[in-house]
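Here is a brief report on one protein model. Look over the sequence and the fold before reading on.

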Amino acid sequence: MQRQAIPAIGPDQLTQSIPDDAPTPLSAVVFLLLTAMLFTALDSAAKYLVLQGMAAPFVAWVRFAVHTVLALVFLQVWRRPALFRPKNLPMQFLRGACLFGSTFFNFLALKELQLAQTISIFFAGPMLITALAGPLLGEWAGWRRWLAIIIGFIGVLVVTRPGTESFKPEILLMICAMLSYSFYVLLTRKMGKTETAESLIFYSALAPSLLMLPVALPLAQMPPTALSWVLLLSLGVFGGLGHWFVILAYKRATTAALAPYPYSQMIWMVLSGWLFFGQLPDGYTVLGAAIIIGSGLYIAWREHVLRKAVIDLVTTTPCSI
């Protein structure tokens, strides 16, 4: 991880100065493609560990504990303490708890579900965020995006198939993970107006480490093999480095320009599930994932069109004093 300083601005402002028609740097695309690989490694390692009998709450806690250490070292908190001073500490911890909930429920679900199933459900997050942004943030979606949201959730039903023999209770855990992450993103967008990017990054790791310590320690256990030790300690590296690459990518290009690339994680998840766990998604999972991804891409494109229309209106409307 580089020792590059992150600007003291919120995540929703990282791309604000980038023109919509600016070319997308190759480095931004590479960062997001690497992020997809890192997050696949994170989930694959976690699945292996819980299949080995390690408790999911402890595994999730180690992931954030290592992430906290990395954030302390590479962000050099002691050099610029003012940037890490939160404006609203309870909200920082609530946001961190949402991120931990996402990881915790995900790790629990991974024991029974295929990697392709978990990521397919997780990809429904952008649709839920768009739906909730209206009542929570005042960012109301139009009828086209609402139609995409409905179609996206039909895709979730195709993947999960409730009421059939294929439905597993762990699917509900994965839905909880998706819900937790959606609220984490919404809180990030809301808090990005008042909190620095440094504090948002740091407390998203520190808060889960502190909040879950009383629960995780009683479940602590020694990894059974040397490989388990390596994978356990690597979780925080995969997660922390992945979040860092996301920030670097969106500092260089707009959200709309980069919208397709996070979905490349589906390819890596399917490949990892096949290579390491002998699992391949069935036709329903592939079809449902395609519907979800298509809906997510349409929502991102539509938001880009609306943002550009607003900018054009502002720059072409004459003002009178």
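## I119 and helix 4

I119 is buried, with a relative accessible area of 4%. This is a predicted model, and the values below are computed from it. I119 belongs to helix 4, which covers residues 115-122.

Which residues does I119 contact, once neighbours within four places in sequence are set aside? They are Q265, M266 and M269. I119 also pairs with M174 across 55 residues of chain. Their C-alpha atoms are separated by 9.0 Å.

## Overall fold

The protein chain has 13 helices and zero strands. Read along the sequence, the pattern is α-α-α-α-α-α-α-α-α-α-α-α-α.

The chain holds 321 residues, and buried residues make up 49% of them. How are the contacts spread along the sequence? Take the contacts between residues at least 6 apart in sequence. Of these, 91% join residues at least 24 apart.

## The nonpolar core

The largest nonpolar core has 86 residues. F107, L232, L235 and L258 have the most contacts inside this core. Its largest share comes from helix 2, residues 56-75, which supplies twelve residues. In soluble globular proteins, nonpolar side chains tend to be buried together.

What does L258 touch, leaving out residues up to four places away in sequence? Its partners are T24, A28, V29, L32, A249, Y250 and A253. A28 appears in another pairing as well, with I247. These two residues are 219 apart in sequence and 9.5 Å apart in space, C-alpha to C-alpha. I247 sits in helix 10. I247 is buried, at a relative accessible area of 14%.

## Helix 2 and the residue after it

Helix 2 has 20 residues. From its first C-alpha to its last, helix 2 reaches 28 Å. That is close to the 28 Å expected at 1.5 Å a residue. Is helix 2 mostly covered or mostly open? Mostly covered: 16 of its 20 residues are buried.

Q76 follows helix 2. Q76 lies in the loop between helix 2 and helix 3. The phi of Q76 is near 50°, a positive value in a residue other than glycine. Most residues other than glycine have a negative phi. Q76 counts as buried because its relative accessible area is 16%, under the 20% limit.

## A second positive phi

R161 is not a glycine, yet R161 has a positive phi of about 50°. Where is R161 found? R161 is in the loop between helix 6 (143-160) and helix 7 (170-191). R161 is buried or exposed? Buried: its relative accessibility is 12%.

## Helices 3 and 7

L110 is found in helix 3, residues 89-110. L110 is buried, with a relative accessible area of 0%. Set aside neighbours within four places in sequence, and L110 is in contact with D43, A46, K47, L115 and T118. L110 and M174 are 64 residues apart in sequence. In space they are 8.4 Å apart, C-alpha to C-alpha.

L179 lies in helix 7. Why does L179 count as partly exposed? Its relative accessible area is 33%, so L179 falls between the 20% cut-off for buried and the 50% cut-off for exposed. L179 and S102 are 77 residues apart along the chain, and their C-alpha atoms are separated by 7.5 Å.

## The second largest pocket

The second largest pocket has a volume of about 300 Å³. Its lining has 15 residues. T40, A41, S44, S272 and F276 lie nearest the centre of this pocket.

Which helices each supply at least two residues of the lining? They are helix 1 (26-51), helix 10 (226-252) and helix 12 (265-277). By class, the lining has twelve nonpolar, three polar and no charged residues.

Terms used. Residues are numbered from 1 along each chain as its sequence is written. This is a predicted model: local features need pLDDT of at least 70, side-chain atom pairs count only at pLDDT 80 or more; totals for chains, interfaces and linings use all residues. Side-chain values use heavy atoms; hydrogens and water are left out. A nonpolar core is a set of buried Ala, Val, Leu, Ile, Met, Phe, Trp, Tyr and Cys residues joined through side-chain atoms within 4.5 Å. Buried means under 20% relative accessible area, exposed over 50%, partly exposed in between (1.4 Å probe, protein chains only). Helices (H or I, at least four residues) and strands (E, at least two) are DSSP runs, numbered from the N terminus. Contact means heavy atoms within 4.5 Å. On a 1 Å grid over the protein atoms alone, a cavity is a set of points where a 1.4 Å probe fits but cannot get out, and a pocket is an open set with protein on both sides within 12 Å along at least five of seven lines; lining residues have an atom within 4 Å of a point. Grid points are joined across faces, edges and corners, and a volume is the space filled by probe spheres set on the points. Ala, Val, Leu, Ile, Met, Phe, Trp, Tyr, Cys and Pro count as nonpolar, Asp, Glu, Lys and Arg as charged, and the others, Gly among them, as polar. The expected span of a helix is 1.5 Å times one less than its number of residues.
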